[in-house]
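Me: I would like to go through this structure by question and answer, beginning with the metal site. Please keep the replies short.

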Amino acid sequence: MRPDAAGDRGVTLRCAFCLKLNRLDMDRAEDRPLCGECSRPFLLDRPVKLSGDDLERVVRDAGVPVLVDFYADWCGPCKVMAPVLDELASYRVGELLVAKLDTDANPQISASFGIRGIPTLILFRDGAEAERRTGALPRDALDQMLLAG
Ligand SMILES: [Zn+2]
């Protein structure tokens with residue numbers, strides 16, 4: 001498949017079940033697109049867990065903004081942030097990809113992005129970092145971050 005086969009608003013994600021890369025059209029994100037290999041659905045109305053290997057590629061070729069939550073399971077403020085991000089992903093499905101990266105499982109990639117505290121939220125547009133915030137944010141501050149970026 002050509003990388004642009006899903007149009008300008010595509011995102012390439014790895015199927016959580018069979019690990020096949022799929023180019024997904026974000027204009028149809030609400031329809032829960034199915035994996036071309038195993039036919040299981042991609043749930044784009046909630047944060048998508050990325051591996052360190054996939055993060056840079058996903059951000060680089062995404063046709064929509066990508067908000068990445070750098071978090072850890074033991075982090076209290078990250079737990080506070082989780083339902084806010086769930087709500088955002090659901091509300092803005094198709095406009096924005098909300099993703100998360102476990103910093104404990106991916107220390108090298110976290111270091112390469114200069115993550116010093118968690119949660120850190122980075123908004124990427126056109127493959128480049130546009131905005132960054134560290135610490136838990138209420139929903140209105142998150143909305144402002146998205147507008148600013
Ligand atoms: Zn699959």
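Me: Which residues coordinate the zinc ion?
Reply: This is a predicted model. The zinc ion has its donors at 2.2 to 2.3 Å. Each donor is an SG atom, and the residues that supply them are C15, C18, C35 and C38.

Me: What arrangement do the four donor atoms around the zinc ion make?
Reply: Four donors count as tetrahedral if all angles lie between 85 and 135 degrees. Around the zinc ion the angles run from 102 to 116°, which makes the arrangement tetrahedral.

Me: How are the donor residues of the zinc ion spaced in sequence?
Reply: C18 belongs to the loop between β1 and β2 (21–25), and C35 to the loop between β2 and β3 (48–49), so this pair ties together parts 17 residues apart in sequence. The full spacing of the donor residues reads C-x2-C-x16-C-x2-C.

Me: Is C35 buried or exposed?
Reply: Buried means under 20% relative accessible area. C18, at 30% relative accessibility, counts as partly exposed. C35 has 2% relative accessibility and therefore counts as buried.

Me: Which residues touch the most other members of the largest nonpolar core?
Reply: This core has 28 residues. Elements giving two or more residues to it are β1 (10–14), α1 (52–61), β4 (66–71), β5 (97–102) and β6 (120–125). Leaving aside residues up to four places away in sequence, L13 touches L44 and L97, among others including F42 and V58. The residues that touch the most other members are L13, L44, L55, V68 and L97.

Me: How many residues are in the second core?
Reply: The second core is separate, and L67, A89, L123 and M145 are among its members. Its residue count is 14.

Me: Which residues form the aromatic cluster?
Reply: F70 and F113 form a tilted pair, 5.7 Å centre to centre with 50° between the planes. F70 lies in strand β4 and F113 in the loop between α3 (107–112) and β6, so the pair ties together parts 43 residues apart in sequence. F113 also pairs edge-to-face with F124, at 5.7 Å centre to centre and 80° between the planes. The one cluster they form consists of F70, F113 and F124.

Me: Are F113 and F124 buried or exposed?
Reply: F113 is in the loop between α3 and β6, while F124 is in strand β6, eleven residues apart. Both F113 and F124 are buried.

Me: Which residue lies over the face of Y71?
Reply: A charge sits over a ring if, for Lys, NZ is within 6 Å of the ring centre and within 35 degrees of the ring normal. Here the distance from the ring centre of Y71 is 5.5 Å, and the residue over its face is K100.

Note on methods
Residues are numbered from 1 along each chain as its sequence is written. This is a predicted model: local features need pLDDT of at least 70, side-chain atom pairs count only at pLDDT 80 or more; totals for chains, interfaces and linings use all residues. Side-chain values use heavy atoms; hydrogens and water are left out. A nonpolar core is a set of buried Ala, Val, Leu, Ile, Met, Phe, Trp, Tyr and Cys residues joined through side-chain atoms within 4.5 Å. Buried means under 20% relative accessible area, exposed over 50%, partly exposed in between (1.4 Å probe, protein chains only). Helices (H or I, at least four residues) and strands (E, at least two) are DSSP runs, numbered from the N terminus. Contact means heavy atoms within 4.5 Å. Donors are N, O and S atoms within 2.8 Å of the metal (3.2 Å for Na, K and Ca); water is not among the atoms, so sites may look incomplete. Four donors count as tetrahedral if all angles lie between 85 and 135 degrees; four count as square planar and six as octahedral if opposite donors are over 155 degrees apart and all others between 65 and 115; anything else is irregular. Rings of Phe, Tyr and Trp (its six-membered ring) pair if their centres lie within 6.5 Å; planes under 30 degrees apart count as stacked, over 60 as edge-to-face and the rest as tilted.
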